[in-house]
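This report describes how the helices of the chain shown below are arranged, and then turns to its charged pairs and to selected nonpolar residues. Please keep the sequence and the structure in view while reading.

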Amino acid sequence: LQEGRPDEAADIFTALAYMNPADGEALNNLGFCLIPKSAAQAVGPLDRATRLPLKQPGLNTANRAFVRHLLGRDAEALSLLESIQAPEADVFGWREPECGSLSLRSMQLPVYVDDLHQHITSRLAATAN
């Protein structure tokens, strides 16, 4: 992903999820890799991962919220974000500095959650005006 090759990254996690369909981490990572290609395709693996053991369930929830935001389901995204208890942990997350433009960034999980919450809230405020 850092080298700008999300398709190849997704192929790796597709293979891992195929080899072990009960691997929540592989499904979460697969969904994460699919986000820049298609938020709609990312929903399935991210949602399936929630039903499996995960090291960082809050990260999965943040990824699911981000996908819903990209799909225009902002109220649902905010609801998901508000359910997260985000422990301090270094994670990679997608940011949307401008609508339709994604960038990958390493950050603390609470920062990812807060940034996403602020982004969605400001977008909703702008569309309400």
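## Packing of H1, H2 and H3

In this predicted model, helix H1 (residues 6-19) and helix H2 (residues 24-34) have axes that come within 8 Å of each other and cross at roughly 160°. An angle over 145 degrees counts as roughly antiparallel, and H1 and H2 are therefore roughly antiparallel to each other. The crossing that H1 makes with H2 is left-handed.

H2 also packs against H3, the helix of residues 39-49. The axes of H2 and H3 come within 8 Å, and the crossing angle is roughly 165°. H2 and H3 are therefore roughly antiparallel as well. H2 passes H3 in a left-handed crossing.

## Packing of H5 and H6

Helix H5 (residues 74-82) and H6 pack at an angle of about 150°, and their axes are 10 Å apart. That angle makes H5 roughly antiparallel to H6. H5 passes H6 in a left-handed crossing. H6 itself covers residues 109-128.

## The salt-bridge network around Arg68

Side chains of opposite charge can pair when their charged atoms come close. With a cut-off of 4 Å between a side-chain nitrogen of Lys or Arg and a carboxyl oxygen of Asp or Glu, the count for this model comes to 10 salt bridges. Several of the residues concerned are joined: Asp47, Arg64, Arg68, Arg73 and Glu76 are linked in a network of salt bridges.

Which parts of the chain does the pair of Arg68 and Asp47 tie together? Arg68 forms a salt bridge with Asp47, and the closest N and O atoms are 2.8 Å apart. Arg68 lies in helix H4 (residues 57-70) and Asp47 in helix H3 (residues 39-49), so the pair ties together parts that are 21 residues apart in sequence. Both partners, Arg68 and Asp47, are buried. For Arg68 the relative accessibility is 5%, which is why this residue counts as buried.

Arg68 also forms a salt bridge with Glu76, where the closest N and O atoms are 2.7 Å apart. Is Glu76 buried or partly exposed? The relative accessibility of Glu76 is 33%, so Glu76 counts as partly exposed. Arg68 thus has salt bridges to a buried partner, Asp47, and to a partly exposed partner, Glu76.

## The pair Arg5 and Glu8

Another of the salt bridges joins Arg5 and Glu8, with the closest N and O atoms 3.0 Å apart. Arg5 has a relative accessible area of 40% and is therefore partly exposed. Glu8, with a relative accessible area of 42%, is also partly exposed.

## A nonpolar surface patch

Ile12, Leu16, Tyr18 and Met19 make a nonpolar surface patch of about 500 Å². One of these residues, Leu16, lies in helix H1. Residues are admitted to such a patch at over 30% relative accessible area. Leu16 has a relative accessibility of 33% and so counts as partly exposed.

## Selected residues in H5 and H6

Two leucines and one isoleucine are described here. Leu80 lies in helix H5. The relative accessible area of Leu80 is 13%, and this residue is therefore buried. Leu80 and Phe13 are 67 residues apart in sequence, and their C-alpha atoms are 24 Å apart in space.

In helix H6, Ile120 and Leu124 may be considered together. Ile120 has a relative accessibility of 0% and so counts as buried, whereas Leu124, with a relative accessible area of 33%, is partly exposed. From C-alpha to C-alpha, Ile120 is 10.0 Å from Glu96, and these two residues are 24 residues apart in sequence. Leu124 is 9.0 Å from Ala75 by C-alpha positions, with their places 49 residues apart in sequence as the separation.

Technical notes
Residues are numbered from 1 along each chain as its sequence is written. This is a predicted model: local features need pLDDT of at least 70, side-chain atom pairs count only at pLDDT 80 or more; totals for chains, interfaces and linings use all residues. Side-chain values use heavy atoms; hydrogens and water are left out. Patches are made of residues with over 30% relative accessible area and no salt bridge: like charges are joined within 9 Å, nonpolar side chains (Val, Leu, Ile, Met, Phe, Trp, Tyr) within 5 Å. Accessible areas come from the Shrake-Rupley method with a 1.4 Å probe; for residues, only the protein chains shown count as cover. Helices (H or I, at least four residues) and strands (E, at least two) are DSSP runs, numbered from the N terminus. Buried means under 20% relative accessible area, exposed over 50%, partly exposed in between (1.4 Å probe, protein chains only). Axes are lines fitted to C-alpha atoms, for helices over the stretch in contact, and angles run from 0 to 180 degrees between N-to-C directions. Angles under 35 degrees count as roughly parallel, over 145 as roughly antiparallel, 65 to 115 as roughly perpendicular and the rest as oblique. A crossing is left-handed if the near helix is turned anticlockwise from the far one by less than a right angle, and right-handed if clockwise.
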